[in-house]
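Visitor: Please give a close account of one part of this structure, namely its salt bridges, and then follow the chain into the elements around them.

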Amino acid sequence: DIKNKVEDKSRGKNGLEVLDKDLVKFLGEKYKDSIDKFETARGELLKYFDDLELRPELLQDKVALDLGSNEHFFDEYCKEKYNTSFVALDKKEWALGTKHDMGVLADARSLPFKNDAFDLVISHASMPHLFAPSTDLDGKLVPIEGEVKEKALEDILSVFRESYRVIKTKGQIRMDTFGEKATALKLKELQSENPSLSTVPGFDQQMSRVRLIKEALAIFEKESGARCMFKDDEKGGLIIIMKQQ
């Protein structure tokens with residue numbers, strides 16, 4: 001298993017407070033006619049920065065790729081604030097919306113970009129949902145085992161390999177996902193409300209999905225020589241891959 005290595009350079013609460021003031025001003029101009037859209041966009045953008053632990057030095061004057069992008073002005077904000085050039089990629093046209101200067105329809109397992117094209121690749125709340133299906137067509141939970149596991153493992157490895165191929169030396173990949181600690185904490189909270197509850201539907205399966213991603217990251221670290229980390233805390237999981245040479 002991968003060691004639970006943690007970076008020291010998280011921004012902390014004060015950083016988010018300063019960021020939130022900037023976002024209120026920025027999004028207030030974009031959504032001045034809809035408080036609901038404003039609040040949704042604000043929450044999602046704050047989670048981008050918090051969950052991915054994005055710091056100004058990762059974004060300032062950089063070229064970046066957002067896999068599974070949303071439509072809430074993240075790339076536009078970064079362009080205005082940090083002079084970041086973002087490409088937003090998704091395989092579904094509706095997911096790209098109309099909010100991106102540069103939106104590309106493509107599959108993250110086969111990126112249509114040259115080697116060393118980006119300084120940063122991010123994926124927010126996409127990696128857990130891209131692969132290892134949670135339910136089948138009848139709504140029944142799908143065990144992460146056998147052929148399902150093998151296919152999902154190869155798909156996740158393809159995303160890691162392609163993302164690594166398109167980042168420059170000293171570039172980074174950051175992807176947030178489920179975490180074992182966060183999943184276990186949620187179960188504990190539910191059990192405190194209902195002591196007779198031994199488990200909840202989907203708990204074991206979600207744990208299996210997290211462990212699958214960790215397994216894929218361990219394989220990728222060995223084959224690529226990249227510096228790979230998985231930060232697993234009560235907030236969730238954060239994948240960090242750094243290209244050192």
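Guide: A salt bridge is taken here as a side-chain nitrogen of Lys or Arg within 4 Å of a carboxyl oxygen of Asp or Glu. The model is predicted, and local features need pLDDT of at least 70, side-chain atom pairs count only at pLDDT 80 or more, while totals for chains, interfaces and linings use all residues. Residues are numbered from 1 along each chain as its sequence is written, and side-chain values use heavy atoms, with hydrogens and water left out.

By the salt-bridge rule, the count comes to 18. A network of salt bridges links Asp107, Arg109, Lys151 and Asp155. Within the network, Asp107 and Arg109 form a salt bridge whose closest N and O atoms are 2.6 Å apart. For accessibility, buried means under 20% relative accessible area, exposed means over 50%, and partly exposed lies in between (1.4 Å probe, protein chains only). Asp107 has 25% relative accessibility and therefore counts as partly exposed; Arg109, at 28%, also counts as partly exposed.

A further salt bridge joins Glu223 to Arg161, with the closest N and O atoms 2.7 Å apart. This pair links distant parts of the chain, since Glu223 belongs to helix α9 (residues 203–224) and Arg161 to helix α7 (residues 146–166), 62 residues apart. Helices (H or I, at least four residues) and strands (E, at least two) are DSSP runs, numbered from the N terminus. Glu223 is partly exposed, with a relative accessible area of 44%, and Arg161 is partly exposed at 30%.

The salt bridge between Asp50 and Lys235 leads further into the fold; its N to O distance is 3.4 Å. Here too distant parts of the chain are linked, with Asp50 in helix α2 and Lys235 in the loop between β6 and β7, 185 residues apart. Both partners are partly exposed: Asp50 has a relative accessible area of 25%, and Lys235 has one of 42%.

On the Asp50 side, helix α2 covers residues 35–51, which is 17 residues, and reaches 24 Å from its first C-alpha to its last. That is close to the 24 Å expected at 1.5 Å a residue, the expected span being 1.5 Å times one less than the number of residues. Its buried residues are Phe38, Ala41, Leu45, Leu46, Tyr48, Phe49 and Asp51. Just after α2, Glu53 adopts a positive phi of about 50 degrees.

On the Lys235 side, a hairpin of 2 residues joins β6 to β7. Two strands pair if DSSP finds at least two bridges between them. Strand β6 (residues 227–233) pairs with β7 in the antiparallel sense over 7 bridges, and Phe230 has Ile239 in β7 as its bridge partner. Strand β5 (residues 167–177) also pairs with β7 in the antiparallel sense, over 6 bridges; in this pairing Ile173 stands opposite Ile241. Strand β7 (residues 236–242) has 7 of its 7 residues buried, so it is largely enclosed by the rest of the structure.

Two loop residues complete the account. Asn83 has a positive phi of about 60 degrees although it is not a glycine, and its place is in the loop between α4 (74–82) and β2 (85–90). Asp116 also has a positive phi, near 55 degrees, and lies in the loop between β3 (103–105) and β4 (118–123). Asn83 counts as partly exposed at 46% relative accessibility, and Asp116 counts as partly exposed at 41%.
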